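Hi,

Here is the structure I said I would pass on. Have a look at it first, and then read on for what turned up.

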There are 2 protein chains.
Amino acid sequence: MGDRRIPEATVARLPVYLQVLVEAAEAGTLTLSSDDLARASGLNSAKVRKDLSFLGTYGTRGVGYDVAELTTEISEVLGLSVDRAVIIIGVGNLGSALASYDGFDRRGFKVAALLDADPARIGTCVGGHEVRDAAELPAIVREQDVTFAVIAVPAGRAQEVADVAVAAGVSALLNFAPTHLTVPDHVTCRTVDLSTELQILSFYEQIADGPSAAAG
Amino acid sequence: MGDRRIPEATVARLPVYLQVLVEAAEAGTLTLSSDDLARASGLNSAKVRKDLSFLGTYGTRGVGYDVAELTTEISEVLGLSVDRAVIIIGVGNLGSALASYDGFDRRGFKVAALLDADPARIGTCVGGHEVRDAAELPAIVREQDVTFAVIAVPAGRAQEVADVAVAAGVSALLNFAPTHLTVPDHVTCRTVDLSTELQILSFYEQIADGPSAAAG
DNA sequence: CGTTGTGAAGGAGTTCACAGCA
DNA sequence: TGCTGTGAACTCCTTCACAACG
């Protein structure tokens with residue numbers, strides 16, 4: 001305790017705990033032990049306790065963690081107590097699916113605009129949002145104080161789109177294009193790529209099926 | 001060298017290298033140094049060399065790595081040289097987007113079927129594939145030798161759907177539902193959750209904006 | 001008595017730095 | 001000379017094990 005820096009690996013697990021806590025609250029559960037949290041998250045209890053210890057001391061020995069209290073604490077640490085405006089750039093298949101995704105709102109992320117460069121798409125309505133011209137990006141970012149951009153354009157366009165978004169003032173990018181994006185230090189970028197995930201799965205599936213699979 | 005076990009962290013980066021290699025090949029580049037690969041992947045050259053050393057020795061000192069050779073090698077290690085049949089379970093917004101995603105085919109993943117439990121969706125056509133009754137899952141898996149399942153159903157249904165898929169013989173799951181799935185040891189499962197990604201971004205964005213942001 | 005919080009040990013992944021080779 | 005391949009050092013993360021506490 002006393003240390004303010006939360007390890008990267010811990011940060012990546014906090015959303016999972018939050019998920020479990022929200023479900024527990026809906027089910028009327030008031031407290032959860034580190035072991036309960038671990039089972040629901042697919043982890044072990046020591047890891048859970050270590051992770052939560054970075055947030056401060058919030059458990060009660062012999063009892064566990066207060067669901068409501070821990071929910072608030074994790075939300076605050078993750079910066080979810082403030083609403084954030086998000087734009088989705090690229091309204092193809094994936095961008096459209098994201099625009100209709102209700103998980104944004106439920107976690108305090110407000111979709112400020114959908115943007116596309118294709119004139120055929122501009123003006124259409126997707127997931128309750130009107131598609132606007134990509135050229136309006138800087139104005140929208142400034143007017144609506146947008147901090148997050150979801151990039152759902154083809155790989156070849158991703159870097160230029162990211163550059164424009166960053167120049168306009170966006171400080172966090174969620175990139176669905178299968179390319180590494182170079183961004184300034186003050187900008188955070190995460191890339192999620194379906195192909196990559198499938199290929200990782202492929203490796204482990206292959207190993208499991210391999211010669212030493214059912215070896216005893 | 002000599003060790004057959006490839007570290008998890010390395011496996012997770014191989015698809016990124018593959019991506020860069022394919023792009024290089026399309027551009028007519030014949031060799032890439034570890035530094036070239038590193039820059040294009042957002043890593044450093046020592047890490048790239050270490051990673052590639054686990055595959056065997058494929059670079060030429062003073063020159064770099066042969067693009068074609070390394071592409072083949074990584075593809076083989078990842079098990080991409082064999083075509084694999086994939087089913088997509090759940091044809092909502094995300095499932096539909098995935099069904100229309102061309103990245104599956106390009107990497108040797110063949111969409112064998114789309115499945116949904118909603119009668120209103122069964123029989124419709126999405127992304128060139130007919131939506132079939134979820135009850136047909138076991139038959140489809142057996143007949144078409146399906147090894148991968150993409151789960152794009154609501155969180156509350158994900159575990160039961162996973163259980164059915166595993167029982168039918170699927171051995172790798174890509175889960176888009178925001179829940180941890182419990183699967184037998186011989187099954188590989190990866191969960192990709194948009195909310196989680198956004199929340200992780202939120203943490204770092206908040207830190208960057210915080211009191212000590214531009215401190216020197 | 002049950003569960004947390006945490007030092008200490010152990011293991012995994014990263015970076016360094018340079019010998020070895022084309 | 002330039003770039004790879006790799007032992008060794010280092011940093012980060014996980015697991016253990018148990019004292020502290022409600």
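Start at DNA strand D, where an N or O atom in the side chain of A:Arg13 is 2.8 Å from a phosphate oxygen. Keep in mind that this is a predicted model. Two arginines of chain B go to the bases of that strand instead: B:Arg49 has a polar side-chain atom 2.8 Å from a base nitrogen, and B:Arg61 has one 3.0 Å from a base oxygen.

Zooming out a bit, DNA strand D is surrounded by 25 residues, and the closest are A:Arg13, A:Asn44, A:Arg61, B:Ser34 and B:Tyr65. Which part of the DNA do the protein-facing atoms belong to? Within 4 Å of the protein, 64% of the atoms of strand D are sugar or phosphate, and the rest belong to bases. Both protein chains help to build this surface: helices H1 (8-26) and H3 (45-53) of chain A each give at least two residues, as do helix H3 (45-53) and strands S2 (59-60) and S3 (64-66) of chain B. Sorted by class, that surface has nine charged, ten polar and six nonpolar residues.

Now for DNA strand C. Here, too, 25 residues surround the DNA, with A:Ser34, A:Arg61, A:Tyr65, B:Arg13 and B:Asn44 as the closest. Of the atoms of strand C that come within 4 Å of the protein, 66% are sugar and phosphate. A:Arg49 places a polar side-chain atom 2.8 Å from a base nitrogen of strand C. The backbone joins in as well: a polar backbone atom of A:Tyr58 is 3.5 Å from a phosphate oxygen, and for A:Gly59 a backbone N or O atom is 3.1 Å from one. On this side, H3, S2 (59-60) and S3 (64-66) come from chain A, while H1 (8-26) and H3 come from chain B, each with at least two residues.

Away from the DNA, chain A has an open sheet of seven strands, in the order S6-S7-S5-S4-S8-S9-S10 and with mixed pairing. S6 (125-126) and S10 (188-191) are its edges; each has a single partner strand, so one side of each has no neighbour in the sheet. S6(A) runs antiparallel to S7 (129-133) of chain A, joined by two bridges, and A:Val126 sits opposite A:His129 there. Chain B also reaches this sheet: its helix H9 (194-209) packs on it, touching S4, S5, S8, S9 and S10 of chain A. The direction of that helix makes about 160 degrees with that of S10(A).

What about S4(A), is it enclosed or open? Six of its six residues are buried, so the strand is largely enclosed by the rest of the structure. A:Arg84, A:Val86 and A:Ile88 point one way, while A:Ala85, A:Ile87 and A:Ile89 point the other. S4(A) pairs with S5(A) in the parallel sense over six bridges, with A:Leu115 as the partner of A:Ile89. S4(A) also runs parallel to S8(A), joined by five bridges, and A:Ile88 stands opposite A:Val150.

One last residue to click on is B:Asn175, in strand S9 (172-175) of chain B. B:Asn175 counts as buried because its relative accessibility is 0%. A polar atom of its side chain lies 3.0 Å from the backbone oxygen of B:Thr179. Beyond its neighbours within four places in sequence, the contacts of B:Asn175 include B:Ile151, B:Leu181 and B:Cys189.

Cheers

Technical notes:
Residues are numbered from 1 along each chain as its sequence is written. Chains are lettered from A and ligands numbered from 1 in the order in which they are written. This is a predicted model: local features need pLDDT of at least 70, side-chain atom pairs count only at pLDDT 80 or more; totals for chains, interfaces and linings use all residues. Side-chain values use heavy atoms; hydrogens and water are left out. A residue is near a molecule or strand if one of its heavy atoms lies within 4 Å of it. A polar contact is a pair of N or O atoms within 3.5 Å; within protein, one must be able to donate a hydrogen and the other to accept it, and residues adjacent in sequence count only if both atoms are side-chain atoms. Helices (H or I, at least four residues) and strands (E, at least two) are DSSP runs, numbered from the N terminus. Ala, Val, Leu, Ile, Met, Phe, Trp, Tyr, Cys and Pro count as nonpolar, Asp, Glu, Lys and Arg as charged, and the others, Gly among them, as polar. Two strands pair if DSSP finds at least two bridges between them. Contact means heavy atoms within 4.5 Å. Axes are lines fitted to C-alpha atoms, for helices over the stretch in contact, and angles run from 0 to 180 degrees between N-to-C directions. Buried means under 20% relative accessible area, exposed over 50%, partly exposed in between (1.4 Å probe, protein chains only).
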